Amino acid sequence: MSAIEKFIAEIPKAELHLHIEGTFEPELMFEIAIRNNLKLKYSSVDELKAAYNFNNLQEFLDIYYSGADVLIEEQDFYDLTWAYLQKIHSQNVLHTEIFFDPQTHSSRGVHFSKVISGIHRALEDGQTKLGISSKLILSILRHLSEESAIQTLEEALEYKNWITAVGLDSSERGHPPSKFQRIFEKALEEGFLTVAHAGEEGPPEYVWEALNLLHVSRIDHGNRSLEDPELVAELARRHIPLTVCPLSNLKLKVVNDMSKHPLTEMLDKGLLATVNSDDPAYFGGYVNENYLAVAKALNLSKQQITQLAKNSFAASFLEEKEKKSMIEKVEKFSHQ
Ligand code: ADE
Ligand code: ZN
């Protein structure tokens, strides 16, 4: 292991952009499909992995939703979440903020209560058995209707204490944040924080809408913000974090080459950028592999890596006191 690899592996960090359905490793997918008597479109793990070649976000989403189709029971959601927590425990992730997509499951007749109970039970075990703290973010699928989003938010109210924020994901182009302005107003009234995927494939205007209409606390991705200097200035002035996902960007052709990734430009422009894995089972790496990919391609220094790890806690939804204590841990590690 190289010195930089070791530094990345050991530095304490948080993950803030992670879709739990995107952690579904092919081996577990086959295991759960078999026990639920369901057939996958692919006959083997290798055949499935060979299909993980995407030209854009939509090509990925089609495969991602079909993989999630085998999740039926509460135990399935537990197993999925527990496997992810064990993985990040080995990567020195101390805190994670996880998206889940209830509509992916309710559209197949899998009730909200099963999905959230399985995930929540694993997150509790993550805290007690692995010492990993977590927050849950309910993400609305933007390619579906406002009515479907309203129904999802209503189902969530019963589990309000388990959910920190409401997010927006899925096919970005043609589905601007403004489509969900009323839902997000309701979510804010109910006491949820808000976040949104914006500027991944969509234009800077979608980032403006996320800020001004959905009142988001963070932007997920946000790459295309860099096309608009006024937007960059606004994001920097308001310390709005960007949850950046380098391997996802490469796999979905948001960037053509990792050496052209805008992460350092974001940091240089004063943006609170963080590094995350998005859908690690599909994009070839968990959080440490994402740090390593940008560290190598952009020749990041230990100081920049330390900054990214500190940013991950600063941008989290932890309480100020907890943030401070986590950031101190990062500093202590980097000085040793
Ligand atoms: N759902 C899962 N991953 C996503 C991504 N990168 N963009 C939008 N929606 C998603
Ligand atoms: Zn995402």
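Which residue just after H7 takes a positive phi? In this predicted model, local features need pLDDT of at least 70 and side-chain atom pairs count only at pLDDT 80 or more, while totals for chains, interfaces and linings use all residues. Residues are numbered from 1 along each chain as its sequence is written, chains are lettered from A and ligands numbered from 1 in the order in which they are written, and side-chain values use heavy atoms, without hydrogens and water.

**View 1. Helix H7 (residues 112-130) and the residue that follows.** Gly 131, just after H7, has a positive phi of about 75 degrees. Helices are DSSP runs of H or I, at least four residues, and strands are runs of E, at least two, numbered from the N terminus. The end C-alpha atoms of H7 are 26 Å apart, which agrees with the 27 Å that its 19 residues should span at 1.5 Å a residue; the expected span is 1.5 Å times one less than the number of residues.

**View 2. The zinc ion (ligand 2) and its donors.** His 17 (NE2), His 19 (NE2), His 197 (NE2) and Asp 278 (OD) coordinate the zinc ion at 2.0 to 2.2 Å. Donors are N, O and S atoms within 2.8 Å of the metal (3.2 Å for Na, K and Ca); water is not among the atoms, so sites may look incomplete. The spacing of the donor residues in sequence is H-x1-H-x177-H-x80-D.

**View 3. Polar contacts of ligand 1 (pairs of N or O atoms within 3.5 Å).** A nitrogen atom of ligand 1 lies 2.8 Å from a backbone N or O atom of Ser 170. A polar side-chain atom of Asp 278 is 2.7 Å from a nitrogen atom of the ligand, and a side-chain N or O atom of Asp 279 is 2.7 Å from a nitrogen atom of ligand 1.

Methods. A polar contact is a pair of N or O atoms within 3.5 Å; within protein, one must be able to donate a hydrogen and the other to accept it, and residues adjacent in sequence count only if both atoms are side-chain atoms.
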